[in-house]
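Dear colleague,

Please find below the structure that I am handing over to you. A summary of what was found in it follows.

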Amino acid sequence: MIKVHSLSKSYGSRQAISDVSFEINKGEVVGFLGPNGAGKTTTMKILTGYMVPHKGSVQLDGIDILKEPLLAKKKLGYLPEFPPIYTDMYVENYLQYVAKLKLCPKKEIPKRVDLTLEKVGLKEVRKRLIKNLSKGFKQRVGLAQALVSQPEILILDEPTVGLDPKQVKDIRNTLIQLKGQHTIILSTHILSEVQISCDRVIVINKGKIVMQDSLTGLSQKMRAKRQIVLTVRKVSDDLLLKLKKVQGVISVTQEDRSFVLDVEKENSINEDLARFVVNNSYGLIELKEKSFNLEDVFIRLTEQSKK
Amino acid sequence: MMKSLLQEMKFFFKQMFLVAQKDFKSMLFSPLFFVWSGISFIFLSYIFPRDLFRFAMSYAMPVMGGDPNQGGNIHFNVFVAHISYINLILLFSIPVLGMKLLAEEKQNHTFDLLMTAPLSSFQMILGKYFALISLLLVFLLCSLFYPLSTGLFVEIPLGPLFSSYLGLFCLVVLYSSVALFASSLSSSLFLSAFIGMIFNISLWFISQQGVGDSGLISSVMSYISIASHLTNFIKGSIVISSIVFFLSSACFFLFLVFKSVEFVRWRA
Ligand SMILES: Nc1ncnc2c1ncn2[C@@H]1O[C@H](COP(=O)(O)OP(=O)(O)OP(=O)(O)O)[C@@H](O)[C@H]1O
Ligand SMILES: [Mg+2]
């Protein structure tokens with residue numbers, strides 16, 4: 001459905017993305033994961049025909065966006081980083097306008113607007129001025145404008161950023177319900193968001209694709225290594241050496257009173273460590289499994305790709 | 001072949017008018033337009049009767065009037081002043097009325113919507129341009145009420161009046177393209193209004209230089225002088241080259257708008 005072939009784009013001398021290629025099949029929901037400044041928005045702007053790449057090509061359902069932009073854009077629904085809403089319009093009129101702009105058949109417009117309002121939960125505010133809606137509802141209006149033309153391809157740029165947890169949940173539920181109706185690309189810098197709503201993930205960092213994998217593949221890679229953080233009250237010089245000798249510990253690094261331990265995957269290690277610290281009365285403050293944030297994933301993934 | 005061409009044209013105008021209609025409405029019902037037209041009409045309602053009264057006084061005492069041919073002409077004594085006030089209003093207010101057309105779209109990020117909709121930049125620009133022109137056409141038609149209403153009491157020369165209004169319309173065509181260009185340059189409303197005014201004023205200044213020169217330069221200068229073209233219209237003659245001048249300058253600025261919008265696609 002979407003074929004992207006070695007895209008490159010730079011802003012002046014700053015290379016935003018380089019040699020980005022991927023393919024997405026019909027009906028897939030793909031997470032486009034990357035930290036701030038990775039080039040997610042840039043890639044999406046090229047996919048939607050907003051920007052022209054310096055190199056590479058994009059095909060949407062077999063249509064080249066650079067050669068036949070009008071045809072390709074008909075197949076698209078796009079929610080940019082900031083919802084593109086006219087604040088002086090009423091929700092309903094705004095959606096009607098977008099539907100016309102996207103060339104929906106005239107007779108179908110009222111029906112599609114109704115359906116879309118239903119899908120994103122905006123029925124009660126359809127006659128309100130967009131200006132007066134809360135941020136969460138503005139974001140929903142933004143999502144609604146992407147959906148109203150019933151496009152085959154949906155491109156969503158950080159659809160849940162800056163919303164409160166309840167709104168985030170609502171939007172995610174809406175996205176889950178959209179599964180199967182559209183081919184969806186969804187950018188985010190939140191790992192759990194991908195885990196909740198996507199089938200597949202493309203990880204991008206510093207303008208390059210670091211990894212493409214199914215969701216199960218991603219979690220396996222993440223679980224390949226385990227780290228434990230141990231904090232104690234009394235630090236003695238030999239503690240570092242002693243910790244290294246504990247069964248199952250691979251390596252230890254010290255940061256002040258905390259120790260980061262690379263450990264083997266067996267489960268009893270937490271217990272063993274706790275017992276060791278308590279028995280030698282080092283004064284256990286905290287013992288926790290280190291959770292991986294996105295940065296760690298990238299570091300790990302780039303390390304792996306070097307090897 | 002013929003049929004598909006027709007369909008393509010229909011599609012072109014349909015999308016263009018959709019944009020035009022939306023922008024026209026949003027400008028017409030904005031508080032800015034309301035306040036601005038209120039102030040303009042209060043101003044005209046004060047100035048016009050004042051000029052008319054002065055003219056009536058001098059007409060009643062012909063001794064005081066100088067040129068017997070023009071002294072009694074309501075067109076030159078009253079209407080031309082009215083026309084030049086309107087020109088002044090247009091010069092400063094079109095950049096303000098048109099500032100939102102592209103700058104606000106950028107500010108509100110709705111520009112993304114237009115750029116990713118099945119709509120060419122050309123359709124979008126023309127749509128916005130026609131919206132602004134239509135808005136000012138409404139204003140011009142309303143302002144025509146002042147000179148026409150004097151026709152109830154005295155006989156007025158309709159020919160020069162209408163050709164003058166055609167001249168004003170030509171100015172609208174030019175100023176609007178300048179305003180749209182100014183609006184395409186940034187996402188700041190203030191900046192785009194300011195730049196638009198500067199451009200409009202400079203257009204008038206170019207013409208001032210032409211006066212002293214001679215030969216080719218002088219004829220070029222007088223061709224690009226707005227004042228001399230407007231004078232043609234005010235005198236009651238519709239000169240094709242003047243119309244061509246306004247249309248081609250407007251096209252030039254629209255071309256710049258196109259370049260500026262396309263620049264976003266290429267670099268952003
Ligand atoms: N208009 C611009 N001019 C210059 N540089 C830009 C522009 N837009 C983006 N960049 C740069 O291009 C790179 C990629 O930016 P992009 O917005 O695509 O990242 P992103 O993945 O969407 O980040 P975020 O998570 O913050 O939205 C960044 O280094 C950014 O500084
Ligand atoms: Mg972004």
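**Findings**

The side chains of K75(A) and D61(A) form a salt bridge, with 3.3 Å from N to O; the term requires a side-chain nitrogen of Lys or Arg within 4 Å of a carboxyl oxygen of Asp or Glu. K75(A) sits in the loop between α2 (69–73) and β6 (76–79) of chain A and D61(A) in the loop between β4 (55–60) and β5 (63–64) of chain A, so the pair ties together parts 14 residues apart in sequence. Helices (H or I, at least four residues) and strands (E, at least two) are DSSP runs, numbered from the N terminus.

This is a predicted model, in which local features need pLDDT of at least 70, side-chain atom pairs count only at pLDDT 80 or more, and totals for chains, interfaces and linings use all residues. Residues are numbered from 1 along each chain as its sequence is written, chains are lettered from A and ligands numbered from 1 in the order in which they are written, and side-chain values use heavy atoms, with hydrogens and water left out.

Over all chains, the structure holds 23 salt bridges, while zero are found across the interface of chain A and chain B. At that interface, 31 residues of chain A are in contact (heavy atoms within 4.5 Å) with 26 residues of chain B. The buried area, which is the accessible area (1.4 Å probe) that two parts lose on being put together, summed over both, is about 2,600 Å² between chain A and chain B, and carbon and sulfur atoms give 67% of it. In chain A, Y50(A), Y86(A) and L101(A) lose the most area to chain B, together 27% of what that side buries.

Yours sincerely
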